[in-house]
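Biologist: Could you walk me through this model, rings to start with?

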Amino acid sequence: MLPNLFASVVLVLGTAGLASAQAPQAPQKALKSICSWGPNPTNLELKVYVPAKLPPRPAIILAIHYCGGTGPEYANVTEYSALADTKGFVVLYPTTNNDNHCWDVASTRSLTRNGGGDSTGLAHMVRWAIRKYRADPARVFLTGISSGCLMSNVMAATYPDLFAAASCYSGAAAGCLAGSPGSSPATADRACGAGKVVKTPAEWAAVAHAMYPGYDGPYPRFQTWHGEADDFVSYPNLAEQLKQWSALLGVEFSHNVTDTPQEGYTKMVYGDGTKLVGYSARGVGHVVPAHETADLEWFGL
Ligand SMILES: *[C@@H]1O[C@H](CO)[C@@H](O)[C@H](O)[C@H]1NC(C)=O
Ligand SMILES: *[C@@H]1O[C@H](CO)[C@@H](O)[C@H](O)[C@H]1NC(C)=O
């Protein structure tokens, strides 16, 4: 049962790739392999897209792949590299080869700042890239889909000081899979994906605070997209993420805006809409197509 679910996700994501292949095809962008960026406790890999013309103090986007994928595959099915050419920012495409290529969003080491898990390796990549490209440390951003969005939630909770904003797709709150034996469809406890891990905003905030105890600075602005027909990382996980980030960012639900940015999508605005936004996509399943331009707008790029 679980391996079948896993296969179907890979299949669905493959289809998403095909869908984006129908868009005017930019030639495939050359990624640079980076062999060493500092501590790498979980043997991650890193490829980087650097546009030919890089402005001074560029921004950085950490783009985190789905389960079963790789950084280069994720680069292939999204427009972030093409947009980097026109907007002038660096894109980091990390890869995990562990746990069926799914990011560790379950173990204590990954759910703890400097805990020696995937989150630690990703944080070191970002710090290396800021030095290497003399980037603006105040303009480092996160995106990802599915496993990559679960990991975006974890990165924003464990390293809130590294990131200015996140915009991710089809994920779940930081700590949703805490204590699960694994993070992939084949290894994970199903409660989180089934939408059965339900907490109050204060409880979710406490989960995140425990990942970086003593931190009292600001958290990244957060935007998260979810399909209402998602039966894999099911729809209640949108509300749980919004609860977590509303408590961490100190904003309350304000109002919905229907048919934004397109028909069938509802924009769920918190506070004045500058810190927290959800997008609820009617009739969309597990794979919400990347809305790269909207991501960049959220990042202020
Ligand atoms: C990216 O797409 C190109 C062209 O469709 C393909 O040849 C290449 O194998 C793909 N690379 C990856 C890593 O998926
Ligand atoms: C819009 O707002 C209400 C709260 O008034 C919320 O319960 C509802 O789920 C939201 N609608 C959509 C489509 O997300």
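Modeller: Sure, and keep in mind it's predicted: local features need pLDDT of at least 70, side-chain atom pairs count only at pLDDT 80 or more, and totals for chains, interfaces and linings use all residues. Residues are numbered from 1 along each chain as its sequence is written, chains are lettered from A and ligands numbered from 1 in the order in which they are written, and side-chain values use heavy atoms, with hydrogens and water left out.

Biologist: Is Tyr215 buried or exposed?

Modeller: Buried means under 20% relative accessible area, exposed over 50%, and partly exposed in between (1.4 Å probe, protein chains only). Tyr215 has a relative accessible area of 14%, so Tyr215 is buried.

Biologist: Where in the chain do Phe222 and Trp245 sit?

Modeller: They form a stacked aromatic pair, 4.5 Å centre to centre with 5 degrees between the planes. Rings of Phe, Tyr and Trp (its six-membered ring) pair if their centres lie within 6.5 Å; planes under 30 degrees apart count as stacked, over 60 as edge-to-face and the rest as tilted. Helices (H or I, at least four residues) and strands (E, at least two) are DSSP runs, numbered from the N terminus. The pair links distant parts of the chain, 23 residues apart: Phe222 is in strand β7 (residues 221-227) and Trp245 in helix α7 (residues 236-249).

Biologist: Which residues form one aromatic cluster with those two?

Modeller: Phe222 and Trp245 are both buried. Their cluster partners are Tyr212, Tyr215 and Tyr219.
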